[in-house]
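Thanks, everyone. I'll keep this brief and go through one structure. Please have the sequence and the model open.

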Amino acid sequence: MTKSEQIIAKTEKFGAHNYHPLPVVIAKAEGIMVEDPEGNIYYDFLSAYSAVNQGHRHPKIIKALKDQADRVTLTSRAFHNDILGDFLEQLCNYTGYEMALPMNTGAEAVETAMKLARRWGVEVKGVENGKQEIIFAKENFHGRTIAIVSASNDPEARINYGPYTEGIKLIPYNDTKALEETITENTVAFMFEPIQGEAGVNVPDAGYLKTVREICTKNNIMMIADEVQTGFCRTGKKFAVNHENVKPDAMTLGKALGGGVFPVSAVVADKKFMELFTPGTHGSTFGGNPLACAVAMASLDVLDNENLADRSEKLGEIFRDEVRKIKCDKVVKVRGKGLLNAVLFEEGFEAWNTCLALKEAGLLAKQTHGNIIRFAPPLTIKEDELMKAIAIIKEVFEKI
């Protein structure tokens, strides 16, 4: 039994089986490449679901982590720390919002936004407490908490977790007519992904985001964009909503905010919304901890200093153009924006086996919804590296 097989066996023995990972063990990582205990090297084309936009162990981010660890790592919010204000200022400047509320995980950011919308609905819009409604899009993925899975129509995510949270309505994605028809006097927000990641990189029609903004404004409801996976240059812009130059009332952020090093998330919104949170109404022991702040600030610096939005946009177009040229009868569509892309195979196709073949050829990617493979390398990838990875994809696809 190889060392990798031993590690996998131990993990399966002692760990809950709530994931079905590819049979590969990552022992080392740097930049866009990862290595298993046997010394096999792979292109990482998942990027920890877009948490590693800046590449594995970026030197600037690792230095920030180490330097801060030598000073102070945690105070809780019972006291001030000397770096939180700098982080919040930088995040607000980066996103264009007046205030930010730091948390740890993307799911926490989404829960925070849901609480913000409900509170705003009562205290500003005048909805009776207990009657607030939030509209979500079907096929979404916003996290795993009880409230969030209540907003999911994925049977696997929901099964046997009832009773489910009330005040949630579901509409088809990319359907502005359904949004208008579903809004009532008790609606406080529409929360959605500008591009649905887990659904298989589902890109809405041009104009969808602008129309959503108009509908939310007209009906006095909050527009909340979940940019946890699509944010921080992944789709070729700072945020996916920037493709149509719209500003949601709030955005949920996470994943790449921590640079693939530390869990950092946040909700950003203007003061008229964020001031509704008062002492004791929401919080987190680790939210805004000094280590997270230092890592996040370095992560934002890397995104800007290395022009990763422009690189993502340029290389994403190359990726889609080249993959569309591959001759494979089973492929139905290649779609995406920036370096968030997916290949859709025909219905009934089992993409797991293709992911295994890609792994054997030296590239790691993961399927979703059975017949879709998502391709999302670190944004630091160079064009020649991308072309080598595409050659691997071509070799595997043409054998299907």
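I'll start with one strand, then take an arginine, the nonpolar cores, the cysteines and a loop residue. Keep in mind that this is a predicted model.

Strand β8 first. It covers residues 222-226. How many of its residues are buried? The count is 5 of 5. In a regular strand, side chains alternate between the two faces of the sheet. So look at each face of β8 in turn. On one side sit Met-222, Ile-224 and Asp-226, and they are buried. On the other side are Met-223 and Ala-225, buried as well. Both faces are covered.

Now the neighbours of β8. Strand β7, residues 187-192, runs parallel to β8, and 4 bridges join the two. Find Ala-189 and look across: its bridge partner in β8 is Met-222. Helix α9, residues 208-218, belongs with this pair. Together, β7, α9 and β8 form a β-α-β unit. Which hand does the unit have? It is right-handed.

Strand β9, residues 250-253, also pairs with β8. The sense is parallel again, this time over 3 bridges. Here Ala-225 stands opposite Met-251 of β9.

Next, Arg-374. You'll find Arg-374 in strand β15, residues 372-375. Buried or exposed? The relative accessible area of Arg-374 is 2%, so it counts as buried. What does its side chain meet? A polar atom of that side chain lies 3.3 Å from the backbone oxygen of Gly-197. Arg-374 also touches a long run of residues that are more than four places away in sequence. Among them are Phe-45, Leu-46, Tyr-49, Glu-198, Val-201 and Gln-229. The list also includes Leu-340, Asn-341 and Ala-342.

Phe-45 takes us to the nonpolar cores. The largest core has 88 residues. Phe-45 is one of those with the most contacts inside it, along with Leu-91, Phe-190, Phe-232, Leu-363 and Phe-375. Which element gives the largest share of this core? Helix α11, residues 290-305, supplies 10 residues. Back to Phe-45 itself. Setting aside sequence neighbours within four places, its contacts include Phe-319, Leu-363, Leu-364, Phe-375, Pro-377 and Ile-381. Arg-374 is on that list too. There is also a second, separate core of 29 residues. Trp-120, Ile-134, Phe-136 and Ala-269 are among its members.

On to the cysteines. How many disulfides does the structure hold? The number is 0. Why is Cys-233 unbonded? The closest cysteine sulfur, in Cys-92, is 17 Å from the sulfur of Cys-233, and that is too far for a bond. Cys-233 is buried, at 2% relative accessible area. Now Cys-293. Cys-92 again holds the nearest cysteine sulfur, 12 Å away, and Cys-293 is in no disulfide. Cys-293 is buried, with 0% relative accessibility.

Last stop, Arg-77. This arginine lies in the loop between α3, residues 59-69, and α4, residues 84-95. Its relative accessibility is 48%, so Arg-77 counts as partly exposed. How far is Arg-77 from Leu-91, C-alpha to C-alpha? The separation is 18 Å, for two residues 14 apart along the chain. What does Arg-77 contact, leaving aside neighbours within four places in sequence? The answer is Leu-84, Pro-102, Ser-284, Thr-285 and Gly-287.

That's the tour. Over to you.

Notes
Residues are numbered from 1 along each chain as its sequence is written. This is a predicted model: local features need pLDDT of at least 70, side-chain atom pairs count only at pLDDT 80 or more; totals for chains, interfaces and linings use all residues. Side-chain values use heavy atoms; hydrogens and water are left out. Buried means under 20% relative accessible area, exposed over 50%, partly exposed in between (1.4 Å probe, protein chains only). Two strands pair if DSSP finds at least two bridges between them. A crossover is right-handed if, with the strands pointing away from the viewer, the path from the first strand over the helix to the second runs clockwise. A polar contact is a pair of N or O atoms within 3.5 Å; within protein, one must be able to donate a hydrogen and the other to accept it, and residues adjacent in sequence count only if both atoms are side-chain atoms. Contact means heavy atoms within 4.5 Å. A nonpolar core is a set of buried Ala, Val, Leu, Ile, Met, Phe, Trp, Tyr and Cys residues joined through side-chain atoms within 4.5 Å. A disulfide is a pair of cysteine sulfur atoms within 2.5 Å.
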